[in-house]
Amino acid sequence: MPTDVAQHAAPDLASRLAALVGERRVLARPSELRSYESDGLPGYHARPALAVFPGTRDETIAVVRLLAELDAPFVARGAGTGLSGGALAEGSVLLGLHRLTRILSIDADDARAVVEPGVVNATLSRAAAAFGLHYAPDPSSQTACTIGGNVAENAGGPHCLKYGVTLNHVLAITVLLPSGEVVTLGSADGERDGYDLLGAFIGSEGCFGVALDVTVRLARAPQAVRTLLADFSSVNSAAHAVSSIIASGIIPAAMEMMDGPTIQAVEASIYAAGYPVDAAAILLIELDGAAAGIDDDAARVDAFCRDAGARGVRIAAAPAERARLWQGRKKAFGAMGRIAPNLVVQDAVVPRTKLPAILAEIQRIAELHRVLVCNVFHAGDGNLHPNIGYDATSADETERVHRAMAAIMQACIDAGGTITGEHGIGLDKLPYMDALFTPATLGAMCALREVFDPGRRSNPGKVVPVHSCREWFAAPSARAGGAS
Amino acid sequence: MKPSPSAIPAACAIPGTPLSNASAGIDACVHCGFCLQACPTYITLEDENDSPRGRIVLMRALVDGSLPLDDADVRTHIDRCLGCRACETACPSGVPYGQLLEATRATLTRMTPNPFLARLVLFVFARQVLLRLAMLGGRITRATRLSWLLSRLPGRAGFAMAMLESTRSAMRRRHYTPTGDGARGSATLLTGCVMEGLFANTNRATERTLVANGYSVVETPQQRCCGALHAHAGDDDTARMLGRANVAAFEQSGADFIAVNAAGCGAMMKEYAHLLSDDPTWRARAAAVASRVRDVSELLAEAGPRSGGALDTTVTYDAPCHLLHAQRIASPPLRMLGAIPGLTVIPLDGSEHCCGSAGIYNLIEPDVSDRVLAPKLANIAATRASLVATGNPGCLMQIGAGLHQTGARCRAVHPVDLLDASYAAQAHAHRTP
């Protein structure tokens, strides 16, 4: 591992960084670093040695080159809304990119934009709206999260069911490698010759370097949109409705499930959307595309829901009502603070046919460990977000929550699923990597990282357990069978 | 770094402080970050320590004792908060940020007092004779045009004079006598400190428009400063003293509604029950009074408002934070403007963002205040409107001073003044057909 800057280089490093970006943009005192100890998952906290906030592309390059010169590890951070502890920078330099907020260009004819990494997702869509365009990936944190963070996590969102995740909307990235070298991955024309290094970079969780600018594809608004709210008296029947809609071949733009406790938290908030508060679950289903035939599809979805046991289905009439229904869903995670002072959230994915079974299993696990699980998730992708609210001042409850989370993750893996749909591995899901991948596969991941960051200074200690890389490099013979 | 979240200690390190009672509000924050883009100081200063989420982290550190009450960084970032509460209308968890901020400031100022200028202003506002003298001094300075002359001075002194200069009435006054049947009930006006001192015309316009919309207006002689400036600055003892005085005074009036035309004061009065929650008897009395408090735009919108005569001009609307975010009142002021024939209302980009006035903030934190004001002025200029309407004296003076110093032709007015001018125009049209 690289040397810990907190131990030997910090005083000098702070002043050298300040010379590059200005004194006010370097934080070194513990009281000011406190706010940067966590991302959106505050159960984890770790203190950076320093935080530095460059304001321009050139400053960013200068900072990273200085860090390379000093062999100092660093962690890039956008808005700190991540949910896997990925932006924690224990003992290393936290490189805040939230000041790089320029939208460099919007090309309406070719429907693409070039943005700096600190541009907020929703800000890009708002700017593109002037041209009848929007940026399709819509993570629930889109009013706060940055494009750079979206690239790092390969972020999804409700509408990724039909439109795909960040990977499907990024054409090119100018990457600042941890060595300080600047390279361009992908091309604005969308043609990718040779190995797809852009694809490797997207979702690399800050381990492969820093995006200096991102060329994204913009989407045109669909001709017609129908948003349905289906109201169920059991989670199981809602899950069956999801399965039958998917099986029918209809591809909704989005299909989200929220359970009773989540609905109640949202309805108590400023984002109250008019969800039925006595429902055990609701499905929020959006259909979009050509106007012709959309009402037939809506009628079929309505019928599938009712067949599965829905108490009622309504179609949002006006754009304002649709927006309200979506706001409620997107702010649901934030509303969890109404349930308990502390919160953990997971991001597992299961095959969609397994949804009814896994939701029943999660309920069984919750009862076994005496915890309250709230489910709000992307049902159409089988991407679960079990939230457990708890009181972290109780050691016993904290322990039960962790056991329950581990059991839920194992159940999802056993069901043929995986441990993250969109939040990333970060720190939070490291312990599950060994259960999901063979040592050879993890070794291959380490080898890929070597290509981008041979010094392993960019977001060290995340994504792949350190012992995997050690084993990999200790036993070169394993490389022969490595790329599984 | 242990790859699982750990249990945290429960102990409160600062028992007996106002902040120690606010833990539940702090715990409601899940650190989601949805408040960041709503926060003017985060957008301006680009440091999470100057965001709601970051400040809540600092508050939590004070409560659990991991940072001391006299930590200079904590004080800096808490002081820099505008208290605009835009984070509250972004927060899904309902964190009562305004209350947390006041509790934090009340706790911190016990350790380290506010700067002299802040204490001087608060001292004056809490004493009726001094306040009247200060306002008289202001009016003399304005009447002699000294404020116009001195508004060219650089720095805070010049800005303060520009604020005073901007209180000069923007509307041409034409006399009319409103008629109304009083059928909507009785209303009494919180005359306010700055409103009665420097915007007396707006207070009279408020009374006239209320009468014209079916309210009878009665006076409440014993009223005092609402205490908002004191509560926001951490001087909660004085805020409570003023709160109790006003509760007693407005109990006497017996009016159905307490009409307030200063958004900051209205927000304070609606929260009197919280302010006086340390005493059960006063809390109940305060809750009863608070339940009668209405922003003047609520009362007028409730009545329509009645449409007036034509005003051939353009206006844009800037929402006072303590109207939009603290009182959650969005459309009533726009309905007032909508009742004026001939008036063109141009939407204002970023009207939900603070202008940087924030009570006495613009005097205590001038640099940040100026940087928050700059985009507001640019957005107003982009509308090319002749007037910008906003219903709070602080905002009227902050925006007014900014417009004055940049030589803009646009003037800041209270929405009530526009409606009143519209009614006057109607009365004169009838008189001279």
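This short presentation goes through the contact between two chains, the parts of chain B, and the packing of helices in chain A.

Good morning. Please keep in mind throughout that this is a predicted model.

I begin with the contact between the chains. Chain A contributes 46 residues to it, and chain B contributes 34 residues. On the side of chain A that touches chain B, several elements supply at least two residues each, among them helix 3 (30–33), helix 15 (395–414) and helix 16 (430–436) of chain A. Strand 16 (342–345) and helix 13 (332–335) of chain A also belong to that list. Sorted by class, this side of chain A holds 22 nonpolar, 17 polar and seven charged residues.

Let us turn to chain B. The domain assignment gives domain 1, spanning 18–111, and domain 2, spanning 308–431. How far apart do the C-alpha centres of these two domains of chain B lie? The distance is 29 Å. The contact between them takes 14 residues from domain 1 of chain B and 14 residues from domain 2 of chain B. On the domain 1 side, helix 2 (residues 40–45) of chain B provides the largest share, with four residues. By class, that side of domain 1 of chain B consists of five nonpolar, five polar and four charged residues.

Next, a sheet in chain B. As a general reminder, the strands of a sheet pair through backbone hydrogen bonds, and the pairing is either parallel or antiparallel. Here we have an open sheet of four strands in chain B, with the order 2-1-3-4 and parallel pairing. Which strands form the edges? They are strand 2 (216–218) and strand 4 (293–295) of chain B, each of which pairs on one side only. From one strand to the next, the twist averages 40°. Strand 3 (residues 257–260) of chain B pairs with strand 4 of chain B over three bridges, in the parallel sense. Within this region, B:Val260 stands opposite B:Asp295, a residue of strand 4 of chain B. Helix 14 (residues 263–270) of chain B lies across strand 1 (186–190), strand 3 and strand 4 of chain B. Its direction is at about 155° to strand 4 of chain B.

One residue of chain B deserves a closer look. B:Arg283 is found in helix 16 (residues 280–290) of chain B. Is B:Arg283 buried, exposed or partly exposed? B:Arg283 is partly exposed, because 17 other C-beta atoms lie within 10 Å, whereas a buried residue would need 20 or more. Leaving aside residues up to four places away in sequence, B:Arg283 touches B:Ala273, B:Leu276 and B:Ser277. B:Cys91, by contrast, is 192 residues from B:Arg283 in sequence and 27 Å from B:Arg283 in space, C-alpha to C-alpha.

Finally, I return to chain A. Two packed helices are described by the angle between their axes and the distance between the axes. Helix 9 (residues 235–248) and helix 11 (residues 294–307) of chain A pack at about 145°, with their axes 8 Å apart. Their crossing is right-handed. From helix 9 of chain A, A:Ala241, A:Ser244, A:Ile245 and A:Ser248 meet A:Arg300, A:Val301, A:Phe304 and A:Cys305 of helix 11 of chain A. This contact comprises five nonpolar, two polar and one charged residues.

Helix 10 (residues 260–267) of chain A has A:Gly260, A:Thr262, A:Ile263, A:Ala265 and A:Val266 as its buried residues. The elements covering them include strand 13 (254–259), strand 14 (281–289) and helix 12 (319–330) of chain A. Thank you for your attention.

Key: Residues numbered from 1 in each chain as written. Chains lettered and ligands numbered in written order. Predicted model: local features only at pLDDT ≥ 70, side-chain atom pairs only at ≥ 80, totals over all residues. Domains from an automatic or database assignment. Contact = placed C-beta atoms within 7 Å. Nonpolar A, V, L, I, M, F, W, Y, C, P; charged D, E, K, R; others polar. Pairing = 2+ DSSP bridges. Axes fitted to C-alpha atoms, helices over the stretch in contact; angles between N-to-C directions. Buried ≥ 20, exposed ≤ 12 C-beta atoms within 10 Å, placed from the backbone. Left-handed = near helix turned anticlockwise from the far one by under 90°.
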